[in-house]
Amino acid sequence: MPSRITLLGATGSIGKAACEFLQNYPDKFDVAAISGHRNVARLVEISDLLKPELVVISDENYFDALKQAVSSATHQPRLAAGKSGLQEAATIKADRVLAAIVGAAGLSPTLQAAKSGASIALANKECLVMAGKFLMQSAHEILPVDSEHNAIFQVLSDKPNEIKEIILTSSGGAFREFTRKQMQHITPEQAMHHPNWSMGAKISVDSATMMNKALELIEAKHLFSMPAEKLKVIIHPQQIIHSMVRYCDGTILAQMGVPNMYLPVAHTLSYPHRLPAPAHHQFDFTDTTKFDFSLPDKVKFPALNLAEQILNAGQASAIIFNAANEIAVEAFLQKRISYLAITDIITRGLDEYHADEPKNLDDVILIDNKARQIVEEIIKKID
Ligand code: NAD
Ligand code: MG
């Protein structure tokens, strides 16, 4: 079992599950470093609970506020800020680093942590979408936190030829039953309300558009070295089955549990061992009377068609796909564009920008930046 853990993105929703887990096992783990972007109060609260050696605020404008808050806190850790602070947190001696920063901002620190030799518990799916090849090459171990990929990781055999397909389950999102017409008026507030999970703002919108499942298909391709034709999505609204692997002999192995992120976070932080979960994280079969399954509607959710295109395209397209989504989601949350415009804008971004394949991380960041500029221009024109 790893004993020194770092939490990158400790103040977010995944970070919250990690804090709950670590608090349940104060004698088993030491916390090396924690980071948060702007939420000083929560960062100091976690620092007092988990007593890390280093606390980093990644937006350096909040460094003074952090210093002041820590001066009256119980625990007195070393403090750092900004990009260099985040690098320090990513590379401080640790057995395992939880990569739970949201979006492209998590790419560099996750790669730095991987290169420093730590095993990576990876929640940040965007960095695999952007730079899957580089990250898989740099890391000696990646343990998927994303619940679907965590499920697959737990039931995947080491004989790839015997795997017929990987089946990612999806709740279908908050708007599974909406018509396209009803979708015209979806507000950010509605999109933030997921039927089964409580998550950060960006991934909540991604779930509502099914861009989350699109990103997850690409994530699965890299994590499990699977060709596009072996990756499937099935709607399972109860979300008790977190994903499945179908083998050539007809056997299907599924992983189940309550739909919350405590389970996969606990699994990846204690792997290769398992630690007892509290009673409220144990699934009760009398709670759910049936499991439903259906195929996703790709007309209502064009993100899934885009994913198929990206799965068969190169890395540059995946970077543009991810960047366009991040910008469009931000614009939707700011009420600059409609819900339906999100996938339209991603499609336009992919049509308008074609880049050469990246050869290294610098190329990835250049393509990401350029894609963001182009998509901002597209949005300004329809604003
Ligand atoms: P969140 O918004 O709740 O938290 C994000 C974390 O990243 C916070 O600690 C925040 O301070 C930090 N952060 C934000 N912007 C940053 C920046 N520019 N630089 C450095 N740090 C920054 O998000 P979340 O829901 O916890 O999701 C985190 C990641 O995990 C995402 O990539 C998401 O796709 C993935 N994920 C989340 C869930 C879930 O249920 N929440 C499930 C699977 C995967
Ligand atoms: Mg998921």
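This passage describes a metal site, the nonpolar cores, a pair of helices and several single residues in a predicted model.

The magnesium ion (ligand 2) has three protein donors, Asp 146 (OD), Glu 148 (OE) and Glu 216 (OE), which lie 2.1 to 2.2 Å from the ion. Along the chain, these donors follow the spacing D-x1-E-x67-E. Asp 146 lies in the loop between strand S7 (142-144) and helix H7 (147-155), whereas Glu 216 lies in helix H11 (residues 211-224), so the pair ties together parts that are 70 residues apart in sequence. Both Asp 146 and Glu 216 are buried.

One of the donors, Glu 148, is also in contact with Ser 243. Ser 243 belongs to strand S10 (residues 241-247) and is buried, with a relative accessible area of 0%. Besides Glu 148, and leaving aside neighbours within four places in sequence, Ser 243 is in contact with Ala 151, Ile 152, Ile 167, Leu 168, Thr 169, Leu 253, Ala 254 and Gln 255. Between the C-alpha atoms of Ser 243 and Ala 318 the distance is 23 Å, and the two residues are 75 residues apart in sequence.

The largest nonpolar core holds 93 residues, of which Ile 166, Phe 321, Ile 337 and Tyr 339 touch the most other members. Helix H14 (residues 315-333) contributes the largest share of this core, with twelve residues. For Tyr 339, the contacts beyond four places in sequence are Phe 175, Met 183, Ile 186, Ala 208, Thr 209, Phe 301 and Phe 332. A second core, separate from the other, has 37 residues, including Leu 22, Val 31, Leu 66 and Met 199.

Helices H4 (residues 82-91) and H5 (residues 107-115) form a pair whose axes come within 8 Å and cross at roughly 35°. The crossing is right-handed. On the H4 side, Leu 86, Gln 87, Ala 90 and Thr 91 take part, and these meet Pro 109, Gln 112 and Ala 113 of H5. Four of the residues in this contact are nonpolar, three are polar and none is charged.

Within H5, the buried residues are Leu 107, Pro 109, Thr 110, Leu 111, Ala 113 and Ala 114. The buried residues of H5 pack against H4 and also against strand S1 (4-8), strand S5 (96-99), strand S6 (119-122), helix H6 (125-138) and helix H16 (361-382). After H5 comes Gly 117, which has a positive phi near 100°.

Arg 42 is part of helix H2 (residues 40-50). Arg 42 has a relative accessible area of 19% and counts as buried, because buried means under 20%. Apart from neighbours within four places in sequence, Arg 42 is in contact with Thr 11, Lys 16 and Cys 19.

Some loop residues have backbone angles to note. Tyr 271 and Pro 272 are joined by a cis peptide bond, with omega about 10°. Pro 272 sits in the loop between helix H12 (262-270) and helix H13 (303-311). Ser 225, a residue other than glycine, has a positive phi near 50°. The loop that holds Ser 225 runs between H11 and strand S9 (231-235), and Ser 225 counts as exposed at 62% relative accessibility. Lys 335, also a residue other than glycine, has a positive phi near 60°. Lys 335 lies in the loop between H14 and helix H15 (339-352) and, with 55% relative accessibility, counts as exposed.

Notes:
Residues numbered from 1 in each chain as written. Chains lettered and ligands numbered in written order. Predicted model: local features only at pLDDT ≥ 70, side-chain atom pairs only at ≥ 80, totals over all residues. Heavy atoms only, no water. Axes fitted to C-alpha atoms, helices over the stretch in contact; angles between N-to-C directions. Helix = DSSP H or I, 4+ residues; strand = E, 2+ residues; numbered from the N terminus. Left-handed = near helix turned anticlockwise from the far one by under 90°. Contact = heavy atoms within 4.5 Å. Nonpolar A, V, L, I, M, F, W, Y, C, P; charged D, E, K, R; others polar. Core = buried A, V, L, I, M, F, W, Y, C linked by side-chain atoms within 4.5 Å. Buried < 20%, exposed > 50% of the residue type's maximum accessible area, 1.4 Å probe, protein only. Donors = N, O, S within 2.8 Å, 3.2 Å for Na, K, Ca; no water.
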